[in-house]
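Got the viewer open? Let's walk through this one together, stop by stop.

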Amino acid sequence: VNDAGTAGLAREIEAYFDRLWPLMRSITGAGVRQSHDILSEIVPLERIEVPSGTPVFDWIVPKEWVVREAYVVMPDGRRILDIRVNNLHLINYSIPFRGKVSRAELDRHLHSIPELPTAIPYITSYYALRWGFCIADAERRRLPEGDYEVVIDTDFIDGSLTISHTVLPGESEREVLLSTYTCHPSLANNELSGPLVMAFLARAIAAWPRRRYSYRFVFLPETIGSISYLAHIGEHLKAKCDAGFVVSCVGNATPFHYKRSRRGNALGDRAAEYVLRRRGTPAENIMNFFVTRGGDELQYCSLGFDLPVGSMTRLMYGLYLEYHTSLDNRDFISFAALAEAVHVYLQTCRAIEVNRRYRTTLVHGMPQLGKRGLYPTLSNARNADEHIAAITSLIAFSDGATDLLEIAGRHGLDIELLDEIAQRCVAAGLLEAVG
Amino acid sequence: VNDAGTAGLAREIEAYFDRLWPLMRSITGAGVRQSHDILSEIVPLERIEVPSGTPVFDWIVPKEWVVREAYVVMPDGRRILDIRVNNLHLINYSIPFRGKVSRAELDRHLHSIPELPTAIPYITSYYALRWGFCIADAERRRLPEGDYEVVIDTDFIDGSLTISHTVLPGESEREVLLSTYTCHPSLANNELSGPLVMAFLARAIAAWPRRRYSYRFVFLPETIGSISYLAHIGEHLKAKCDAGFVVSCVGNATPFHYKRSRRGNALGDRAAEYVLRRRGTPAENIMNFFVTRGGDELQYCSLGFDLPVGSMTRLMYGLYLEYHTSLDNRDFISFAALAEAVHVYLQTCRAIEVNRRYRTTLVHGMPQLGKRGLYPTLSNARNADEHIAAITSLIAFSDGATDLLEIAGRHGLDIELLDEIAQRCVAAGLLEAVG
Amino acid sequence: VNDAGTAGLAREIEAYFDRLWPLMRSITGAGVRQSHDILSEIVPLERIEVPSGTPVFDWIVPKEWVVREAYVVMPDGRRILDIRVNNLHLINYSIPFRGKVSRAELDRHLHSIPELPTAIPYITSYYALRWGFCIADAERRRLPEGDYEVVIDTDFIDGSLTISHTVLPGESEREVLLSTYTCHPSLANNELSGPLVMAFLARAIAAWPRRRYSYRFVFLPETIGSISYLAHIGEHLKAKCDAGFVVSCVGNATPFHYKRSRRGNALGDRAAEYVLRRRGTPAENIMNFFVTRGGDELQYCSLGFDLPVGSMTRLMYGLYLEYHTSLDNRDFISFAALAEAVHVYLQTCRAIEVNRRYRTTLVHGMPQLGKRGLYPTLSNARNADEHIAAITSLIAFSDGATDLLEIAGRHGLDIELLDEIAQRCVAAGLLEAVG
């Protein structure tokens, strides 16, 4: 990917971002469906609707939330906390309410962050019935005494929970799973960065001339969505999934992080680490699986499934103050960083694609490369050195058990170059692919 | 343990210290029995007397040493090197001697440390017959020419070697062994710190409302004592002992050290490391098993027994110049440090007590905690975070093979909190205890 | 080895160096045979001649190269690039050529290094037919226009490839392999250091009163030589070789490096690491097996043989600019460093010799050492401490599976002292040798 390509991609992402930003997303509802419709323009997606009330393992799919309007009228008649201005103002899944309340009564239903006085917090209440508004602490402090008119025109209906997905078939039924969430309203890094990067990643992989693996892309609400999806297709994934990633928090121009799957050394873990280490990602940014914070990898890696699903992020949840507030917005992220994240995920998928085990056919001493035309031309010495390093490493370490990721990682070699040379060695009869 | 509790315990320890200090302890004899009588006031102990001449593996229990008096009269009639002034003056296990000797002849029987001119060294000669005195090097240099009258009124009798022990029974016959030595005369860190901390630890564990493990506390002379004890009860320990510690050198307000058992990853090793790492103990203070220096862990871990016995110390033998000299005295140690050592050993035993393996019952996705009332109240956010971290980690990692020590250690969680929440999860049917 | 011994050895090495330096070595030919004749004066060697055209695995032994003279006559009649002045001037394995050429035409056959203007590069062309000269870049730039007379009087004959070797038999048929190359002309660190150190090492080991292992020393041309040798004796080595080293680049007074065998933890790897760590060699100088650069270890460790052969070097190939140029000469190396390398290799072989597994006979508690006279005399306390550390470690860790290298390495002990004390313990019935 050259700079021009990245810049073009960044502009495309930006245009979609601006359309997705104002929609009122939640774990169910019209905002989700509209978002999925837009994402389907990037890569065609299939819809799954899971009816309200469906039991999914230990959970029950909640009623669908309908939001028509929500705002407060001040004693002087001015309208504030209007979700048309910022959809974070309303507690996500708020019950309906309509009435006049005193300032004190209203205050019991307000949420703000004193440490971040200009930030509107993002609050949800999916399973406890309550109403309320989120407000910048500075604004809250300025609210005068008097009567406030509260309008929350919401509803809960027997609808469904929306999941969209697609599978790009490959030569093998073995799958790579990519999953992201679409349940937060106007948040940038911790919402739109994930679906946007994943949709453009899917478009890029759809354009590959061949795929060894099949690639599954899933857009769903966090937790209840992945649990519903696992109820639908978990056993299939358990049988077929070789690698997976939760795509999330990839919007900032900061170093990448990687959270390993529970297994810790799964194919996807190894590919992500290979790619990030070559990028110079600090070792401490690569973390073992943990559940004290996290997203859908907690569901995919739950003991009954234990899928090989990790998560590659940039500025990870929990590492920034702006998280889950109105400060996680368009200005907070970088579209170039999003485009780069598409590229890094692509590299990771490419590493998975080309990773193979080979077996050297001539095992007694190094074979003579010159007579087979496998020695590089000597014009470009630097490149020639890499080429020789790759070919000798391939022959010396291809014992049928060691794969390209291991050879690349241990010896600081480029897996794409290893793959290219491995194909030439296979053609020359020096290597055989295994498995 | 709050500060007041620690201060009160420190004062209690100090009072016992002052009674134990002047007694002439050795590997056998009246001083040992008097010391054990005093320690029995803290926690009742049972006495084992191993008769002189008893073969114990490769050793024979030596005759019992009787000391009545020992001193030297200078040419000017002044009495020096009197064991009533400092019981380190006489070589421990010195043979009797009475006679007039020249300064030169006397000097051949004196021991001092030129590098520590004010220190009286502590010298023993249990198995080679000789007499002699230990003296500060500065004093030795001032001794005038002339005749010296030497009085060493000692004796060797067919008596016995004294061991005291107690077992606090628990619900299980599986045992935790705590062992300390009582064979050095007036030394503080490298003698009295061990038995005092262990006796008060025993008193505290005796007061627990329930014990899963049985706790065995043994007071004995170093080497010959533990070998004798192993001859007595080694096969029992081999069958029953799950964890053990030699309690020694715990008197100084310096960071802790831990010397692992030979096994290296035994239950006690893991508990001690968990506790010390949470205290911020430097990683290099936690050492693999070695025998170039050491105490009774060398006997407990000998190849024929290989018991899981490590040693948690503060300022360890071999790490301080005052070791085995009169400078290792009351001023050298801190009674608050001793009280804290009781507390740290207690925490370690508690970690052993609560350590269990659990199995999650609902393994498909995270179970819903809210409907079971397992979500913490949100009033105290910090505590709530820890609570959520604990409960999600418990459910995610309880695969029936991973125990609380592993979950606590890997994820920086408090094992007592994990235990408390595990009990609630068991009650709610989310976890089952295993084994 | 004391300083006087080292100095004497250094002088001996220097004398041989000066005789070997001017010979025109290559992968075949008279210069190799003359070199081996000289090395045979240090330690008697047996000759193997592998006829030209012999197939050896994937290779064919090339024709033997005969060089009579090679030089260029300048337009003004002066003779330059004469191999009698520096045998690097002629491309090694250059085809014959005789004729008048223009400056431009000559230049197409010249090789120099602009970054090192005073260095004559070392260039080979064993398998591609071409002629050419190597020249200092500064000299090349000064060559005037005009006609140059080129004389390259070389020849390719049906001869043979020369290998010399010897086996010093030991009590066991298990072998330690030492291999070095003799195929470069006048190069110091990256040629003569290897055969000289190895020949004097062989002389020293030949003088040992007893050897447990048999020691095999092989002098051969790089790559084609070791492949030929493996074709000859590879299956024997596969069955018998327990440790091995490629001796190379040991001429500089710089820290040692060690490149592990593919196995990584073979006996020789462990012995070399033990010796180098005791010398304070930085940990990063000890490297896992790699093939991006290297010598005959690539052949010995090829998958079909996988011999336990590593390489202990000082200033390793690839780590210095002077590599493969006329700057790698007599002034670049230190004869004291060569003598020291003999000593370090000897220590490594000694560590292999004395390494054994023992089993403690008295496993219940520490045995009493005093009554067996195994306690050291107390006159020299420092030495006594080491002695006690050694004997207690031997008894505590000799479980029949742990060998002396492991005990020495883990506990910072001297393996020669461990061996000495182990023999005394065996005599006293405290240890039994295993295996």
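Here is a short route through the chains, with something to select at each stop.

Before you click, know that this is a predicted model, where local features need pLDDT of at least 70, side-chain atom pairs count only at pLDDT 80 or more, and totals for chains, interfaces and linings use all residues. Residues are numbered from 1 along each chain as its sequence is written, chains are lettered from A and ligands numbered from 1 in the order in which they are written, and side-chain values use heavy atoms, with hydrogens and water left out.

**Stop 1: chain A.** Colour chain A by pLDDT (the predictor's confidence in each residue, from 0 to 100). Its mean is 95, and 98% of its residues reach 70 or more. The whole model scores ipTM 0.91 and pTM 0.92. Now select residues 377-381 of chain A: pLDDT stays under 50 there, and the model has 1 contact for them beyond four places in sequence (contact means heavy atoms within 4.5 Å). Where pLDDT is low, predicted coordinates should not be read in detail.

**Stop 2: chain A against chain B.** Show both chains: 16 residues of chain A touch 19 residues of chain B. About 1,500 Å² is buried between them, with carbon and sulfur atoms giving 60%; buried area is the accessible area (1.4 Å probe) that two parts lose on being put together, summed over both. Pick out Asp58(A), Val291(A) and Leu303(A), which supply 38% of what chain A buries against chain B, more than any other three residues.

Stay on Asp58(A) and add Lys371(B): their side chains meet in a salt bridge at 3.4 Å, N to O. The term means a side-chain nitrogen of Lys or Arg within 4 Å of a carboxyl oxygen of Asp or Glu. Chains A and B have 2 salt bridges between them.

**Stop 3: chain A against chain C.** Swap in chain C. Here 19 residues of chain A are in contact with 16 residues of chain C. Select His364(A), Met366(A) and Gln368(A), which supply 39% of the area chain A buries against chain C, more than any other three residues. Then find Asp58(C) and Lys371(A), whose side chains form a salt bridge (3.4 Å, N to O).

**Stop 4: the cysteines.** How many disulfides are there over all chains? The count is 0, taking a disulfide as a pair of cysteine sulfur atoms within 2.5 Å. Select Cys183(B): the nearest cysteine sulfur, in Cys249(B), is 12 Å away. Cys183(B) counts as buried because its relative accessibility is 2% (buried means under 20% relative accessible area, exposed over 50%, partly exposed in between, with a 1.4 Å probe and protein chains only). Finish at Cys425(C), which is buried too, at 0%.
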